[in-house]
Amino acid sequence: MSIEAALTKAMSNIPECVAGGVVDLASGMLLGIKTVDSHPREVIDLLAAATTDMFAGPNVMTIEKLFKRARGVKEDDHHYFQELLVNSDNLIHVFMRGKQFPEYIVVFVCRKSANLGMVLTKARISLPDIESAI
């Protein structure tokens, strides 16, 4: 299954989902995207860059390093930040680090009227299918 097909399947199961994508943190590139609306290319490209900053920006990496040091955990490739949830005026944005491939972030955008618990549950359930498409 392609990334786009996996995103389409996930979006059909996630309540009021209007967009889905996969971002590669190593390159900062968007590997796949599906939306119900068209968006300017600049917005899509900025989404990938902003996602990379949220999970792998220098300040985030410093915070994770400090958490590890404070807890006596050796420095390794594990990341503390696994999911981020952003509520905007009209939308819910869910960002999830891959379990099998932590260098990839899966993003879903849903209407604000969606049940947040169901959005998170269905998004988490969709993660293995999307990762198998990477």
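# Exercises: salt bridges, burial and a pocket

K9 has a relative accessibility of 39% and counts as partly exposed. The model is predicted. K9 is the starting point for the exercises below.

## Exercise 1. The partner of K9

Find the residue that forms a salt bridge with K9, and say where both partners sit.

*Solution.*
Step 1. Start with the general idea. Side chains of opposite charge can pair when their charged atoms come close.
Step 2. Apply the cut-off. A salt bridge needs a side-chain nitrogen of Lys or Arg within 4 Å of a carboxyl oxygen of Asp or Glu.
Step 3. Look at D129. Its closest O atom and the closest N atom of K9 are 3.0 Å apart, and the two residues form a salt bridge.
Step 4. Place the partners. K9 belongs to helix 1 (residues 3-13), and D129 belongs to helix 4 (residues 116-133). They are 120 residues apart, so this pair links distant parts of the chain.
Step 5. Check the exposure of D129. Its relative accessibility is 33%, so D129 is partly exposed.

## Exercise 2. The other salt bridges

Count the salt bridges in the whole structure, then describe those that do not involve K9.

*Solution.*
Step 1. The search finds three salt bridges.
Step 2. Take K68. Its side chain meets that of D76 in a salt bridge, at 3.2 Å from N to O.
Step 3. Sort these partners by exposure. Buried means under 20% relative accessible area, and over 50% is exposed. K68 is at 6%, so K68 is buried. D76 is at 37%, so D76 is partly exposed.
Step 4. Take E83. E83 forms a salt bridge with R124, with 2.8 Å between the closest N and O atoms.
Step 5. Place this pair. E83 is in strand 3 (residues 83-87) and R124 is in helix 4, 41 residues apart. This pair, too, links distant parts of the chain.
Step 6. Check exposure again. E83 has a relative accessible area of 29% and is partly exposed. R124, at 44%, is also partly exposed.

## Exercise 3. A charge without a salt bridge

Explain what surrounds D24, starting from the nearest side chain of opposite charge.

*Solution.*
Step 1. Place D24. D24 lies in strand 1.
Step 2. Find the nearest side chain of opposite charge. That is R97, 9.6 Å away.
Step 3. Compare with the cut-off. A salt bridge needs the atoms within 4 Å. D24 has no salt bridge, yet D24 is buried.
Step 4. Look for another partner. The side chain of D24 reaches the backbone nitrogen of A26 at 3.0 Å.

## Exercise 4. Two polar side chains

Decide whether H93 and N13 are buried or partly exposed, and find a polar partner for each.

*Solution.*
Step 1. H93 lies in strand 4. Its relative accessibility is 17%, so H93 counts as buried.
Step 2. The side chains of H93 and S88 are joined by a polar contact of 3.1 Å.
Step 3. N13 is in helix 1. Its relative accessible area is 45%, so N13 is partly exposed.
Step 4. A polar atom of the N13 side chain lies 3.2 Å from the backbone oxygen of K9. This brings back K9, the partner of D129 in a salt bridge.
Step 5. Look along the chain from N13. M118 is 105 residues apart from N13, and their C-alpha atoms are separated by 9.7 Å.

## Exercise 5. An unusual backbone angle

What is the sign of phi at E16, and where is E16 found?

*Solution.*
Step 1. Phi of E16 is near 50°, which is positive, and E16 is a residue other than glycine.
Step 2. E16 is in the loop between helix 1 and strand 1.
Step 3. With a relative accessible area of 33%, E16 is partly exposed.

## Exercise 6. The largest pocket

Describe the largest pocket by its space, its lining and the elements that build the lining.

*Solution.*
Step 1. The largest pocket holds about 270 Å³ of space.
Step 2. It is lined by 16 residues, and those closest to its centre are A19, T35, H39, L47 and V109.
Step 3. Elements giving two or more residues are strand 1 (17-24), strand 2 (29-35), helix 2 (41-56), strand 4 (91-97) and strand 5 (104-111).
Step 4. Strand 1 gives the largest share, four residues.
Step 5. Sort the lining by class. It has 10 nonpolar, five polar and one charged residues.

How values were computed:
Residues numbered from 1 in each chain as written. Predicted model: local features only at pLDDT ≥ 70, side-chain atom pairs only at ≥ 80, totals over all residues. Heavy atoms only, no water. 1 Å grid on protein atoms, 1.4 Å probe; cavity = no way out; pocket = protein on both sides within 12 Å on 5 of 7 lines; lining within 4 Å. Points joined across faces, edges and corners; volume = space filled by probe spheres on them. Nonpolar A, V, L, I, M, F, W, Y, C, P; charged D, E, K, R; others polar. Buried < 20%, exposed > 50% of the residue type's maximum accessible area, 1.4 Å probe, protein only. Lys, Arg positive; Asp, Glu negative; His and termini not counted. Polar contact = N/O pair within 3.5 Å; in protein donor to acceptor, adjacent residues only side chain to side chain.
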